[in-house]
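This report describes how secondary-structure elements are arranged in a single model. Please consult the sequence and coordinates shown here while reading.

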Amino acid sequence: MQSTHKLVTSMDGRARRGFLKMTAIAVFVLSGVASLGMAQAAVGKAEQTSLKFGFIKLTDMVPLAVAYEKGYFEDEGLSVTLEAQANWKVLLDRVVTGELHGAHMLAGQPIGATIGFGTKADIITAFSMDMNGNGITVSNAVWGELKKKLPMKDGKPVHPIDPKYLKAVVDDYKKQGKQFKMGMVFPVSTHNYELRYWLAAGGMNPGYYAPAKGDTSGTLRADVPLSVTPPPQMPSTMEAGTIDGYCVGEPWNQQAVFKGIGVPIATDSDVQKNNPEKVFGVSKAWAEKNPNTHIRVVKALIRAGYWLDEQNNKNRMEAVKIIAKPQYVGADEKVIANSMTGTFEYEKGDKRAEPDFNVFFRYNATYPYYSDAIWYLTQMRRWGQIAEAKPDSWYLKMAKEIYRPDIYATAAKELIAEGKMKASDFPDFSKETGFKGAQSGFIDGVVYDGRKPNEYINKFKIGLKRNDQPK
């Protein structure tokens, strides 16, 4: 027994898992109970077992890394390669061409592609990768001016910071003849919509898209024009003075703090509590050709999400060590741990508890709700990416084409039958409609009901109303 222990501990992680798995199988068979109490799989063999998935170097790619490192893909008979991509456009294009079989995607990417904003392609998702995880950061120069205007308590700024105070800084810039510019990661990214939402809540117009006029810059009539910058380049772009601030996922807000070049002033929980962030996207054609493979991928990702949140995030430091590796995020462990372990640092030394900064499973975070897809569609219409008015029925139709809770439910039921998960870990699938209830928790106090998208769009002071056209 001792010699076996030495052999196992000397192996690398993947070899050790393989050895232990083979040993367990041998013991099981020899005990004469191999055929007893085993749930029969309703999902057939994977049609395709060798897969390549893409991701961007962000903290929230972690479910993919965990599913790989913990052997969850292997458990489904899948041989997976994970590959970092240069930017979101390259990632989407490679899923469309089939060079990637799936990817860590912005929640807006399958939606934008399906409705034809930017790359036109049929992309679906059956798995929501996380909630929250973003921040809004400004340069030291902006922070110096902003801090003078903020209410303070015990020598520290009161949070959440009301965006009206940034408007005062932007107005000062205008008086000096300077333009205040900010960065976001992609036109259909959560970051774009969150930043626009936050700015508009403070009385600043982030600009409109006018695709019918050939203007897809998103800066028409903008008080604060927004431009695209890949996530890892955000800190250096701000440091160079090209932008005055940005909205991005981790670890690139905390990186600004560690480098001493900027200060985060809001998290996405301040803008929209428990907002859906990334999804795992595949082409519709691939999913239809490989239904069993797709379900098995979702099973592995569900287990990864559960592992990340189980027992009050007990596994988070292990996850930090995994994604700090250069093949994943490749950032300093301390930078990644700042947000992944339930805290967030604003001004240097001002570290505050943010237990839900990253959510990977609780609150049904992995379930692909139609209402989440519809929220993104309302923001696309609000800012002109959807050029014409659409009836409420169109929003639901699009959501059902793109978000696939039926595939998720099949994967979840398999995990329950196999004894790997419990029914109580998931929504009640017999009653689930795909819609969350009316959602509050937005910075401007506007309530969102996914069943009434046009009514919701008409509530905003800044933004296109139902029948408006960008001018």
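Across which strands does helix H7 lie, and at about what angle does H7 run to E6? In this predicted model, helix H7 (residues 140-147) lies across strand E6 (134-139) and strand E14, and its direction is at about 90° to that of E6.

**The sheet containing E6 and E14**

Both strands belong to an open sheet of five strands, ordered E12-E9-E13-E6-E14, in which the pairing is mixed. The edges are formed by strand E12 (226-228) and strand E14 (262-267); each has a single partner strand, so one side of each is left without a neighbour in the sheet. Ignoring direction, neighbouring strands of this sheet are turned by 30° against each other on average. Within the sheet, strand E9 (residues 182-184) and strand E13 (residues 245-249) run parallel and are joined by two bridges. One residue pair can be named here: Met182 has Gly245 in E13 as its bridge partner.

**The sheet containing E3 and E15**

A further open sheet of five strands follows the order E2-E1-E3-E15-E4, also with mixed pairing. Here strand E2 (79-84) and strand E4 (123-128) occupy the edges, and each has a single partner strand, so one side of each lacks a neighbour in the sheet. From one strand to the next, the twist averages 30°. Strand E3 (residues 102-106) and strand E15 (residues 278-283) are antiparallel and connected by four bridges. Ala103 is placed opposite Gly281 in E15.

Two helices pack on this sheet. Helix H6 (residues 108-115) touches E3, E4 and E15, while helix H14 (residues 291-313) touches strand E1 (50-55), E4 and E15. Their directions, together with that of H7, are listed below.

| Helix | Reference strand | Angle |
|---|---|---|
| H7 (residues 140-147) | E6 | about 90° |
| H6 (residues 108-115) | E3 | about 95° |
| H14 (residues 291-313) | E4 | about 35° |

**A helix-helix contact**

Helix H3 (residues 62-69) and helix H15 (residues 316-323) have axes that come within 10 Å and cross at roughly 95°. This crossing makes H3 roughly perpendicular to H15. On the H3 side, the contact involves Val62, Ala65 and Glu69, which meet Ala319, Ile322 and Ile323 in H15. Classified by residue type, the contact of H3 with H15 has five nonpolar residues, no polar residues and one charged residue.

Note on methods
Residues are numbered from 1 along each chain as its sequence is written. This is a predicted model: local features need pLDDT of at least 70, side-chain atom pairs count only at pLDDT 80 or more; totals for chains, interfaces and linings use all residues. Side-chain values use heavy atoms; hydrogens and water are left out. Axes are lines fitted to C-alpha atoms, for helices over the stretch in contact, and angles run from 0 to 180 degrees between N-to-C directions. Angles under 35 degrees count as roughly parallel, over 145 as roughly antiparallel, 65 to 115 as roughly perpendicular and the rest as oblique. Contact means heavy atoms within 4.5 Å. Ala, Val, Leu, Ile, Met, Phe, Trp, Tyr, Cys and Pro count as nonpolar, Asp, Glu, Lys and Arg as charged, and the others, Gly among them, as polar. Two strands pair if DSSP finds at least two bridges between them.
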